[in-house]
Amino acid sequence: MKVSTLLAVRGLILWFCSFFSSSIIAQSQLAGVELQSHHVQGQVYMIQRPGGGGNIGALIGDDGVLLVDSLFAPMTEELVTTVRETTDGDIRFLINTHIHIDHVGGNQNLAELGTLIFSHENTRLKFLEDKSHFPRNGGSFAPQQPVSARPMITFNDSMTFHFNDEEVRAFLVPPSHTDGDIFVYFPESDVLHLGDVFRTTSYPIIDKFNGGTLRGTIASLDEAISIAGPDTKVIPGHGLEIEDRQKLIEFRDMILDIQSKVYSMIREGMHLQEIMAAKPTADYDAEWENDPGWTSIDFIPVVYYELGGAGRLEDR
């Protein structure tokens with residue numbers, strides 16, 4: 001075997017050892033995390049990780065429990081314990097808002113408890129890939145989820161759950177965070193769960209690898225704003241607080257302002273390095289750079305290239 005081949009194999013082995021070692025450490029840390037349940041309004045609760053790192057929606061009533069997203073696998077026991085603080089009813093349904101591991105990691109465990117899992121068809125297709133992309137921290141991959149973790153029922157445009165005296169509506173939105181993003185609206189409780197299209201801990205995360213787009217993010221936020229009324233409560237995919245329509249408008253307007261600034265710079269002939277140095281997000285960094293895994297350094301290039309910025313290395 002050639003020396004170059006040996007080195008390549010050795011490097012691959014080291015990468016796998018490093019990946020699975022760090023994964024084991026992360027799993028053990030997640031297993032000790034305590035979750036908190038917050039009553040949103042009506043029959044809907046928000047179950048939250050510390051620091052706002054992933055928010056589950058829970059519709060709880062006489063018919064049982066419907067969850068929106070499932071967090072990481074090591075958190076399932078704590079998730080079930082937290083639900084049990086409010087009800088002894090079965091966790092009957094789970095809706096995945098998109099493919100990322102912090103939202104689908106608990107699928108297998110919940111399926112083993114008898115929970116039926118739903119998603120958009122695009123999200124289920126990504127369960128079939130040999131590994132799953134995670135966009136933060138420069139991008140990384142997680143191993144493929146087990147077969148039992150895959151959503152059993154999918155839909156194309158929308159699906160309605162007649163459950164706990166609510167007509168819960170899950171529906172596809174334009175490609176935003178990913179190309180399988182869905183919103184979940186609980187009309188009688190007047191609560192919207194927006195998955196990771198809406199987050200208050202960072203700039204919008206556009207996972208281009210999984211089909212996300214800036215244009216779609218703006219269109220999806222417009223749709224959420226049109227649905228939300230003065231009393232609507234909004235659960236962000238990540239965030240410390242239960243939000244409202246005004247916060248949605250603030251988030252969308254921030255994106256539009258940054259987009260406008262970057263577009264103007266492109267029209268002036270500026271390339272990516274120059275635009276980064278000009279700091280078009282400076283007015284917003286104090287509020288929207290709370291997640292070190294996704295900051296303006298990640299967000300500005302997405303805006304730049306989607307608006308038609310030059311793609312050649314010498315033009316960056």
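In the predicted model, N164 is found in the loop that runs between strand 10 (158–163) and strand 11 (166–172). The phi angle of N164 is near 55 degrees, which is a positive value in a residue other than glycine. With a relative accessible area of 2%, N164 is buried, the threshold for that class being under 20%.

A positive phi in a residue other than glycine also occurs at L71, where the angle is near 60 degrees. L71 has its place in the loop between strand 4 and helix 2, and at 1% relative accessibility L71 counts as buried. The preceding part of the description, on N164, likewise concerned a loop residue that is buried, with 2% relative accessible area.

The loop that holds L71 also holds S70, and its flanking elements are strand 4, comprising residues 64–68, and helix 2, comprising residues 76–84. S70 has a relative accessible area of 0% and is therefore assigned to the buried class. A polar atom of the side chain of S70 lies 3.1 Å from the backbone nitrogen of G106. When neighbours within four places in sequence are left aside, the residues in contact with S70 are I56, L79, L94, N96, H103, V104, G105, G106, N107 and L110. G106 thus appears both in the contact list of S70 and as the residue whose backbone nitrogen lies 3.1 Å from a polar atom of the S70 side chain.

As regards the overall architecture, the protein has 10 helices and 14 strands. Of its 316 residues, 52% count as buried. Among the contacts in the protein with a separation of 6 or more, 66% are accounted for by residues 24 or more positions apart. The accessible surface comes to about 14400 Å², and 52% of this surface belongs to carbon and sulfur atoms.

Internal voids were examined next. Rolling a probe the size of a water molecule over the atoms shows where empty space is left. A search of the whole structure finds two cavities of 30 Å³ or more. The largest cavity has a volume of about 60 Å³, and the residues that line the largest cavity are I99, I101, V104, K126, F127, E129, K131, S132, Q144 and Q145. Helix 3 (101–104), helix 5 (121–127) and strand 7 (131–134) are the elements that give two or more residues to this lining. By residue class, the lining of the largest cavity divides into four nonpolar, three polar and three charged residues. V104, one of the residues lining the largest cavity, is also among the residues in contact with S70.

S132, another of the residues in the lining of the largest cavity, has its place in strand 7. At 13% relative accessibility S132 counts as buried. Not counting residues up to four places away in sequence, S132 touches I99, S140, F141 and A142, and I99 is itself included in the lining of the largest cavity.

The second largest cavity has a volume of about 40 Å³. This cavity is lined by H100, D102, F134, P135, R136, H177, D196, R199 and I205, and the lining of the second largest cavity divides into three nonpolar, two polar and four charged residues.

Two further buried positions illustrate contacts between residues that are separated in sequence. L192 has its place in strand 13, residues 191–193, and is buried, with a relative accessible area of 0%. L192 and T232 are 40 residues apart in sequence, whereas their C-alpha atoms are 7.3 Å apart in space. Leaving aside neighbours within four places in sequence, L192 is in contact with V184, Y185, A224, I227, A228, T232, K233, V234 and I235, so that T232 is included among these contacts under the cut-off of heavy atoms within 4.5 Å.

I249 is found in helix 7, which spans residues 245–267, and at 15% relative accessibility I249 counts as buried. I249 and L221 are 28 residues apart in sequence and 8.0 Å apart in space, C-alpha to C-alpha.

Methods: Residues are numbered from 1 along each chain as its sequence is written. This is a predicted model: local features need pLDDT of at least 70, side-chain atom pairs count only at pLDDT 80 or more; totals for chains, interfaces and linings use all residues. Side-chain values use heavy atoms; hydrogens and water are left out. Helices (H or I, at least four residues) and strands (E, at least two) are DSSP runs, numbered from the N terminus. Buried means under 20% relative accessible area, exposed over 50%, partly exposed in between (1.4 Å probe, protein chains only). A polar contact is a pair of N or O atoms within 3.5 Å; within protein, one must be able to donate a hydrogen and the other to accept it, and residues adjacent in sequence count only if both atoms are side-chain atoms. On a 1 Å grid over the protein atoms alone, a cavity is a set of points where a 1.4 Å probe fits but cannot get out, and a pocket is an open set with protein on both sides within 12 Å along at least five of seven lines; lining residues have an atom within 4 Å of a point. Grid points are joined across faces, edges and corners, and a volume is the space filled by probe spheres set on the points. Ala, Val, Leu, Ile, Met, Phe, Trp, Tyr, Cys and Pro count as nonpolar, Asp, Glu, Lys and Arg as charged, and the others, Gly among them, as polar. Accessible areas come from the Shrake-Rupley method with a 1.4 Å probe; for residues, only the protein chains shown count as cover.
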